[in-house]
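Hi everyone, thanks for coming. I'd like to walk you through a model I've been looking at, so please have the structure open as we go.

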Amino acid sequence: MNNAGSLREEEKYPLLCRIDTPEDLRALPETELPALAREIRAFLLEKIPVSGGHLASNLGVVELTLALHRIFDTPNDRIIFDVGHQSYVHKLLTGRRREFDTLRTPGGLSGFTRRAESEYDPFGAGHSSTSLSAALGFAYADRMEGKDNFTVAVVGDGAYTGGMIHEALNNVERDMRLIVVLNENEMSISRNIGGFARYIARIRNSRNYRRAKKLTITALRHLPLIGRPLFRLFRGIKQMLKNHLYSSNYFEELGLYYFGPVDGNDYEAVSYLLQKAKEQNESVILHIRTQKGKGYAPAEERPDIYHSVYTGYTAGETFPETAGETLLSLAEEDPHVVAVTAAMREGTGLSEFFRRFPGRAFDVGIAEEHALTFAAGLAAAGEKPYVAVYSTFLQRAYDSLIHDIALQGLPVRILVDRAGLAGADGPTHHGIFDVSFLSVIPGMTLYAPATRAGLRAVLRDTQDAASPVAVRYENRTDIPEVLSRFYPEGDFSAYGVRPDYRTPEEACDGVILTYGAIISEALSAAAVLRAEGKKIGVLLLEMLAPYDALAARVQPLLPKGAPLLFLEEGVYDGGAGMLLYDRLRERGVDGRMRVLAIRGNFACPDTPVPLRSYCHIAAEDVIAFFRDREKAESVL
């Protein structure tokens, strides 16, 4: 940023621009904190609509984050956010304000906490419900080493719908310097559902608790002069009164000290209870309630819409929307069609399905393992479950895939949304492993429709499947050139393998085999090479596993003697290219084939660079391969 731009920012955010470390924040007079909170919210509202990112959750945790960094000695004391998307304010207070314009760009600031980014990020978190297990690891290590550090896990209440949190709670011991902040805002992405969410609401909404709170807080704060001292004194009395009237709760039954609930957007209240929790010198649950979208009326009213602000999308219906519409149509025709998702009904296009068929739509919360085994039970009982899940979150349910679905041959239909590189969401959300881990499961059929019409056809054709099915697709619209080159007749029912050349006997200088959105790189490269006089064909694959069947369909379509390049937006090891090459070699196809795929990294650059270029799977990499005949002659 130039000096003029920097000066304008300092004028707009004079307090925020004085803070480069938590020490700077602790030196700030408490009377200036309300103004600082307003500046932080204004800063987020200016920056996030440009970069994209998680808006509502970060607007809600401003006061909490300020209090955490003033009360605790970070980075010696550790703060672990669950999920890391609510860490933007934390980033601003820990020296990353100047880099904030790079948020969620490859090589820039991560949209989540990331250990490599800052000493103030002790643990990376892009998936939900992991914080308490990690925090326990830190707390136990400190106890073994005789250290007196505090570890604070800031856990959104949506994370409590995931089983890992409860597994970790079962292992929390009382004599640890561990503080768990239950940040209740009633939302993860979709509204929280399930028994635990209802239980948290009962704690907050207890009539007796509200009566105790009214007597000890509302009245006292209005007393002149002595009101605030009495307010502080009677906090402890209020806690005892609440416990007497309402009895103990889930956390206290586990032997943990429990404070709350308290208004998480009241800095003084949060700061006071954090300090009291710290003084307990034992494991404490601090229950606060924040308003998602605080300070920005549209986000306060619709936190689901403003959970994350996306930029750069092209107009047109997306694959997830098409999937949702198709399932809705199937459900209207077939009473056995049911939909399952794990806290992602909006993102996976299922909102209307839930509205129209509430008895056949199941949101199980952030519990992917349960979602898959639950669907297995539905399938075993004769229903036709479609499970919509992001690729990155499907990784969490791998045991269920193998043990509960595939081993029993149950026809669960898995819609693998957000396949491929995730772009701004970074390595925690890249969908680059699904082809590899799905392909090796016996009995699994794997589709990769290239068009929305192809997706409709696959979902209809798998309605009566007799074995497990996975259908992977990206969050994108149709690629016009794919429609014109591979489906000129609009025949989407015969998905499978489609060449853009006529016959195997046709002279070719090479063929690119690929699937998914990366076909745009293949087509771009082929166009450049054709302009140079090289005739390069493209073979589109829309059904991958089983690979024996794929090889049988591909082999007759390969021009004799042409070098082959498999282009894949997924990992090389165990990927479609490796497996297809192996099967083709068994069928006598010569070794003049190479695979361009993601090798040996998580697609996480340290400096700004296009992700496909960083992974060496971009059009320029395809062009370089065919320009160099030595590479074309080399084997895999």
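Let me start with one term: a residue is called buried here when its relative accessible area is under 20%. Keep in mind, too, that this is a predicted model.

With that in hand, let's look at strand 2, residues 151–156. Which way do its residues point? Thr151, Ala153 and Val155 point one way from strand 2, while Val152, Val154 and Gly156 point the other way, and all are buried. In a regular strand, side chains alternate between the two faces of the sheet. Since 6 of the 6 residues of strand 2 are buried, the strand is largely enclosed by the rest of the structure.

Who are its partners? Strand 1, residues 78–82, pairs with strand 2 in the parallel sense over 5 bridges, and there isoleucine 79 stands opposite valine 152. Strand 3, residues 178–184, also pairs with strand 2 in the parallel sense, over 6 bridges. In that pairing, valine 154 stands opposite valine 181.

Next, a quick stop at leucine 169, which sits in helix 8, residues 163–169. Is leucine 169 buried or exposed? Its relative accessibility is 2%, so it counts as buried. Setting aside neighbours within four places in sequence, leucine 169 is in contact with several residues, including Leu132, Tyr160, Phe251 and Ile285. Phenylalanine 251 is 82 residues away along the chain, yet its C-alpha atom and that of leucine 169 are separated by 8.5 Å.

Now scroll further along the chain, to another sheet. How many strands does this open sheet have, and in what order? There are 6 strands, in the order 7-6-8-9-11-10, with parallel pairing. Its edge strands are strand 7 (361–363) and strand 10 (445–447), each of which pairs on one side only. From one strand to the next, the twist averages 20°. Strand 8, residues 384–390, is joined to strand 9 by 5 bridges, with valine 389 opposite valine 416.

Several helices pack around here. Helix 17 packs on the sheet, touching strand 6, strand 7, strand 8 and strand 9, and its direction makes about 165° with that of strand 8. Helix 21, residues 452–461, lies across strand 8, strand 9, strand 10 and strand 11, running at about 170° to strand 11.

Then there's helix 15, residues 319–333. At 1.5 Å a residue, its 15 residues should span 21 Å, and its end C-alpha atoms are 21 Å apart, which agrees. Its buried residues, among them Phe319, Ala323 and Leu327, pack against strand 6, helix 16, strand 8, strand 9 and helix 21.

Helix 19, residues 398–406, has Ser400, Leu401, Asp404, Ile405 and Ala406 buried. Why are they on the same side of helix 19? Because they cover an arc of only 155° around the axis. These buried residues pack against helix 17, helix 18, strand 9 and helix 20.

Finally, the cores. In soluble globular proteins, nonpolar side chains tend to be buried together. The largest nonpolar core has 60 residues, and Phe353, Leu415, Leu459 and Val471 have the most contacts inside it. A second, separate core of 59 residues includes Val340, Ala376, Ile441 and Leu584. Going back to leucine 415, its contacts beyond four places in sequence include Ala323, Leu327, Val389, Leu459 and Val471.

That's my tour. Thanks for listening, everyone!

Methods:
Residues numbered from 1 in each chain as written. Predicted model: local features only at pLDDT ≥ 70, side-chain atom pairs only at ≥ 80, totals over all residues. Heavy atoms only, no water. Core = buried A, V, L, I, M, F, W, Y, C linked by side-chain atoms within 4.5 Å. Buried < 20%, exposed > 50% of the residue type's maximum accessible area, 1.4 Å probe, protein only. Contact = heavy atoms within 4.5 Å. Helix = DSSP H or I, 4+ residues; strand = E, 2+ residues; numbered from the N terminus. Arc of directions from axis to C-beta. Pairing = 2+ DSSP bridges. Axes fitted to C-alpha atoms, helices over the stretch in contact; angles between N-to-C directions. Expected span 1.5 Å × (residues − 1).
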